[in-house]
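Here's a quick briefing to read with the model open beside you. Take a look at the picture, then work through the points below.

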Amino acid sequence: MTKDFRLILGLEIHLHVKTAKKMFCNCSADIYSAEPNTHVCPTCLGLPGALPVPNKHAVELTQLLGIALGCTLNLDSRFDRKHYFYHDLPKGYQLSQYDQPLCVGGSLKLRNGKTIELERIHLEEDTAKSFHSKDDTLIDFNKSGMPLIEVVTKPVITSAEDAAEFGRMLRDLARFLNISDADMEKGQMRVEPNISVRTVEMERANELPEYKVEVKNINSFKAVEKAAEYEIARHIELLEAGRGDEIVQETRGWDENKQITFS
């Protein structure tokens, strides 16, 4: 951040829900030490004619997190199909929630006194896990259909440190309430910052930029900070050089070895 530009950031955080079964089928959710493709059935493999049945315990734990964060619980919720094509999505769509999530609003007060407002908390199913080599991609469908809470903040975070602190406090809360083990090394918690920078004048007028860059599937809080700091510097460098049109709304990844994001 400089005298001319300010960070504006929102978070999407995914948590594996601590249930005995998957989200829409009777497969065991104890997948973390299992052999690949051993906890699967026609439902989580997306085979024709398989009927999904929601996991009541996953719904209850999602609502528990919503209550702890001061959300309003919707009395009328539903699941929707989020259609996109990717090799780790067996059905060709993800069962998620859109306009009627389980929880709306809410907030979390950081230890420094700042309050981070939430947009929503919803429940969905996870995708399978991909293993990439030079020539091949291998798929383990054990993770496919795992219950997944998504916590979405409003775009109100103004420092990389606050973004990481929010993630740490949410992890601690999820563990305290026994909602999730939130082990980032096992992929039980993933953080995705949506990053933009804006002018001081835009900040004073509470205006948001027309773009955001989402860095996907970060699995450490230090990496959240580093990815945000890298994107801030990249955006400001382009803006100060008069090349702001090169900052496009896109999804990027984080390269831990090179300490950079990539398109």
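His-14 counts as buried because its relative accessibility is 8%, where buried means under 20% relative accessible area, exposed over 50%, and partly exposed in between (1.4 Å probe, protein chains only). Keep in mind that this is a predicted model, so local features need pLDDT of at least 70 and side-chain atom pairs count only at pLDDT 80 or more, while totals for chains, interfaces and linings use all residues. Residues are numbered from 1 along each chain as its sequence is written, and side-chain values use heavy atoms, with hydrogens and water left out.

**His-14 and its surroundings**
- You'll find His-14 in strand 1, which covers residues 5-16; helices (H or I, at least four residues) and strands (E, at least two) are DSSP runs, numbered from the N terminus.
- Setting aside neighbours within four places in sequence, His-14 is in contact with Glu-124, Leu-148, Ile-149, Glu-150, Gln-188, Met-189, Arg-190 and Glu-192; contact means heavy atoms within 4.5 Å.
- His-14 and Val-215 sit 201 residues apart along the chain, yet their C-alpha atoms are separated by 13 Å.

**The chain as a whole**
- Count up the secondary structure and you get four helices and 14 strands.
- The radius of gyration is 19 Å, which agrees with the value near 18 Å for a compact globule of 263 residues; it is taken over C-alpha atoms, and the globule rule is 2.2 Å times the number of residues to the power 0.38.
- Along its principal axes, the C-alpha trace spans about 55 × 45 × 30 Å.
- Of the 263 residues, 48% count as buried.
- Among contacts with a separation of 6 or more, 68% come from residues 24 or more positions apart.
- The chain exposes about 13500 Å², and carbon and sulfur atoms supply 50% of that; accessible areas come from the Shrake-Rupley method with a 1.4 Å probe, and for residues only the protein chains shown count as cover.
- On the charge side, there are 33 positive and 41 negative charges, and their mean positions are 3 Å apart. Lys and Arg count as positive and Asp and Glu as negative, with His and the chain ends not counted, and each charge is placed at NZ of Lys, CZ of Arg, CG of Asp or CD of Glu.

**The nonpolar core**
- The largest nonpolar core has 57 residues, and Leu-65, Leu-69, Ile-121, Ile-149 and Phe-166 touch the most other members. Such a core is a set of buried Ala, Val, Leu, Ile, Met, Phe, Trp, Tyr and Cys residues joined through side-chain atoms within 4.5 Å.
- Ile-149 in that group is also one of the contacts of His-14.
- Leu-69 touches Gly-106, Ser-107, Leu-108, Leu-118, Ile-121, Leu-170 and Leu-173, not counting residues up to four places away in sequence.

**Two loop residues with positive phi**
- Ala-182 isn't a glycine, but its phi is positive, near 50 degrees. The residue lies in the loop between helix 2 (160-176) and strand 11 (189-199), and at 1% relative accessibility Ala-182 counts as buried.
- Asn-217 is another non-glycine with a positive phi, near 55 degrees. Look for Asn-217 in the loop between strand 12 (213-215) and helix 4 (221-240); with a relative accessible area of 45%, Asn-217 is partly exposed.

**Where strand 11 ends and helix 3 begins**
- Thr-199 is in strand 11 and counts as partly exposed at 25% relative accessibility.
- Leaving out neighbours within four places in sequence, Thr-199 is in contact with Asp-4 and Phe-5.
- From Thr-199 to Gly-167 is 32 residues in sequence and 26 Å in space, C-alpha to C-alpha.
- Val-200 belongs to helix 3 (residues 200-204) and counts as buried at 11% relative accessibility.
- The C-alpha atoms of Val-200 and Trp-254 are separated by 28 Å, with their positions 54 residues apart along the chain.

**Gly-253 in strand 13**
- Gly-253 sits in strand 13 (residues 250-255) and, at 12% relative accessibility, counts as buried.
- Not counting residues up to four places away in sequence, Gly-253 touches Val-215, Ile-260, Thr-261 and Phe-262.
- Gly-253 and the loop residue Asn-217 are 36 residues apart in sequence and 7.5 Å apart in space, C-alpha to C-alpha.
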